[in-house]
Structures are given as C-alpha cells and as structure tokens.
Amino acid sequence: MSNNALVVRVVDGQPRLVKESVATPVPGKNQVLVKISHVAQNPTDVQSFDGNVFGDGAILGCDFAGEVVETGSEATRLQKGDIIAGLVWGGEIKGLGAYSEYVLADDAISFKVPKNIPLAEASTVPLALTTSWLALFSKGCLDIDRSNARGASILVWGGSSSVGLYAIQLAAVYGMNVITTCSPRHENLVRSYGAKHVFDYREEEIANKIKQAVPDIQYTFDTIGSTSSSTTSSLAMRGGKLCTVRPGKENTDNVASHIAVSDVLVWTAFLKDHRYGSFHWPASKEDFELSRELFDKLPGWIANGTIKPNTAKVLKGLEDISKGFDEYHAGKISGYKIVYDLGTAA
C-alpha cells in the first residue's frame, strides 16, 4: 500500500518539508498499523524541525487518530477496524512519524476513541495528557500520591496550554486544589476545567500574589518551561516539588534552592530507552505501567466528560502543515490545538 508522508529533507544545510511516498511501516508483535485520519501538531514537532534534530529523512508528528488496519502477533487490546488515538515520537526512528498516511501505535499506549468524540479532538489527547499524567504521578516527577491527593495544592503554570489544560483536569479528578496562570481571556476556560485560583501570568509581583492567596502550594508543574516561568513559579512556593516540561531540567538554574526540581519526558511511557541530544532516558517499567493504566481509563473518562479534549483548529492535509508551523512561529496558538485532517476518516 502507498504511504505518502511529509519528510524532512536537508537542502544546503536547511531543513525542508517535502511530500514523498515512503515505505509503509510493519507492526512489531505489540504494535498495530494505523491508517491516519487526523494528526495533531505539537510544539516539539516544530522545534525538532527548526533545530533539524533528527536530520535528513525524518518524519515528524506525534499525535494521531485513525483506523487499525493490521495488528502484531501479540497485540491483545486492539483489533483490526478499531478507531483509536495514539502517539509516536516522530523522527526518533527514521521513516516513522505521524505526518504520514500510516503509522505504528503501541497496543498498550493508545485508546479506542468513544463515538461521541470527533476524531480531530481525540488526536489532541495522547501526548499532552500523558505528559501531564507522568508529570503529576510518576515517581521520577512530582510523585503525587493519588490516594492522598485530595485537598493538596498544585500550581499549573501555563494553564491554557494544551498540556496545562490536561494537567488541570487530572489534578481536579483527584480532588486537588488547582491554581493556574494564563492570559485573562482564558480565565473562564481554565476555571471550567477545574482551576480554583486563576492569575494573569503578566501581573507584577505575581509570585507573591499567588503565595498570599494560596500559601500551601506543595507542587508546581511548569508547562511552559522557560527560565522566567520556572523561576517565577518556584518563588510562589514555600517548599515542595517543581516539574518542568523541558528535557534535562533546562531553564531551571534559577529555581529557588529549597524546591526539588524534576523534568518529564512523555516517551518514558514506552518500554524502551530514549535519547535526545546529550540526554538519555532508560526504559522505565514503572512509567510504562502507569501510562498503560491511563490509556485503560481514557475511553470511559472521555466518554463521560471527565477528561475534555483540546479545542481543535482543523487544517486540511499534509500540505497545510507548513501553515501550522508558521502559526506556531507567529505565537498565535493559544487555547486550541492545530489538527490536520488527512481525509481518511472512517
């Protein structure tokens, strides 16, 4: 079967996105082959392209939804014909990424899409929600005890980001007191997702204002990962733990010394080693099992509205991906996620 994809080609030292016909991937024993209907854009896609992280021949794209068309010999959760959403680290393996017509999904780290959710919205879920899930509950991150989380205070810095919106919802599921920052135009949105205290991140003396309003913040999840966001959010805490989305705890040098700092990498959800530049993350059975638990819960949570997907701004086809990248570069994306409709919806 033919498989059209958007491939990174390096011309005169500069990366370009070129539509090409590539080999259709073959599922391993615990994988399934998915015919993609929708693929959601993530900041890591653009950043990997801009930095030419994976080099010539890479296929980027991480979040997708589509139909299972082939299953591996030991895939037990999914069957041919299932409509699912999943994720892949586009570019990590040459020739494999979600900016294509076919991709591989892990049988355990994907979920069947409930019929009451549009596939465009479903495609926004896997990467950002799993990032938030691991950041909050993995032993290597904030390590929040879900059985004893009710009433504990957590600051989600960047609450209207894709990851932030999912983090707010997960914290609310377990009864946490959620404090967040965003621009004023998104205040009603983040409150509707479960935030109890909302602050404009551009306010002067914001750290002191947050600390005065909620003096017992024990956890912070910085979904932005800049020097200013990590530093400022740490100053809103009297002690506790901070997790950043930036690999290798980048941009946390100025975090208050009394705060324990960690980072989250969504790809530890997969039971394999990962490398990114100079960073190395060994396979984590604990993170894999934790993530598998999440994907088991997801169909029910999404169907009953416990977890609400991001708002999707839908563009058409692989040809529009450059437009989405431009929108990211222009800083226009806020409160929604760009999704590409590949025209293969069941």
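Helices (H or I, at least four residues) and strands (E, at least two) are DSSP runs, numbered from the N terminus. With that naming in hand, let's work through some exercises on this predicted model.

**Exercise 1. Locate Ser 160, decide whether it is buried or exposed, and list what it touches.**

Step 1: Ser 160 sits in the loop that runs between β8 (153-157) and α4 (162-173).
Step 2: The relative accessibility of Ser 160 is 12%. Buried means under 20%, so Ser 160 counts as buried.
Step 3: Leaving aside residues up to four places away in sequence, Ser 160 touches Leu 165, Thr 181, Cys 182, His 186, Val 190, Ser 334 and Gly 335.

**Exercise 2. Do the same for Asp 200, and find which backbone nitrogen its side chain reaches.**

Step 1: Asp 200 belongs to strand β10 (residues 197-200).
Step 2: With 19% relative accessibility, Asp 200 counts as buried, since the cut-off is under 20%.
Step 3: The backbone nitrogen of Arg 202 is reached by the side chain of Asp 200 at 2.9 Å.
Step 4: Setting aside residues up to four places away in sequence, the residues that Asp 200 touches are Cys 182, Pro 184 and Ile 206. Cys 182 is also among the residues touched by Ser 160.

**Exercise 3. Which residues of helix α1 are buried, and how are they placed around the axis?**

Step 1: Helix α1 spans residues 43-50, and its buried residues are Asp 45, Val 46, Ser 48 and Phe 49.
Step 2: These residues cover an arc of only 165° around the axis, so they lie on the same side of α1.
Step 3: A general reminder helps here: an α-helix has 3.6 residues a turn, so residues three or four places apart point the same way.
Step 4: Now look at the partners. The buried residues of α1 pack against the strands β1 (4-11), β2 (14-21), β3 (31-40) and β14 (274-276), and against helix α9 (321-329).

**Exercise 4. Describe how α1 and α9 pack, using the angle and the distance between their axes.**

Step 1: The angle between α1 and α9 is about 95°, and their axes are 10 Å apart.
Step 2: Angles from 65 to 115 degrees count as roughly perpendicular, so α1 is roughly perpendicular to α9.
Step 3: On the α1 side the contact is made by Pro 43, Asp 45, Val 46, Gln 47, Phe 49 and Asp 50; on the α9 side, by Phe 325, Tyr 328 and His 329.
Step 4: Sorted by character, the residues of this contact are 5 nonpolar, 2 polar and 2 charged.

**Exercise 5. Take a closer look at His 329: what does its side chain contact?**

Step 1: His 329 is in helix α9 and counts as partly exposed, at 46% relative accessibility.
Step 2: Not counting residues up to four places away in sequence, His 329 touches Val 46 and Asp 50.
Step 3: The side chains of His 329 and Asp 50 make a polar contact at 2.7 Å.

**Exercise 6. Compare the settings of Asn 52 and Lys 249, each with a positive phi.**

Step 1: Asn 52 follows α1 and lies in the loop between α1 and β4 (63-71). Its phi is near 50°, a positive value in a residue other than glycine.
Step 2: Lys 249 is in the loop between β12 (240-244) and β13 (259-263), with a positive phi near 55°.
Step 3: The relative accessible area is 26% for Asn 52, which is partly exposed. For Lys 249 the value is 38%, and this residue is partly exposed too.

Technical notes:
Residues numbered from 1 in each chain as written. Predicted model: local features only at pLDDT ≥ 70, side-chain atom pairs only at ≥ 80, totals over all residues. Heavy atoms only, no water. Buried < 20%, exposed > 50% of the residue type's maximum accessible area, 1.4 Å probe, protein only. Arc of directions from axis to C-beta. Contact = heavy atoms within 4.5 Å. Polar contact = N/O pair within 3.5 Å; in protein donor to acceptor, adjacent residues only side chain to side chain. Axes fitted to C-alpha atoms, helices over the stretch in contact; angles between N-to-C directions. Parallel < 35°, antiparallel > 145°, perpendicular 65-115°, else oblique. Nonpolar A, V, L, I, M, F, W, Y, C, P; charged D, E, K, R; others polar.
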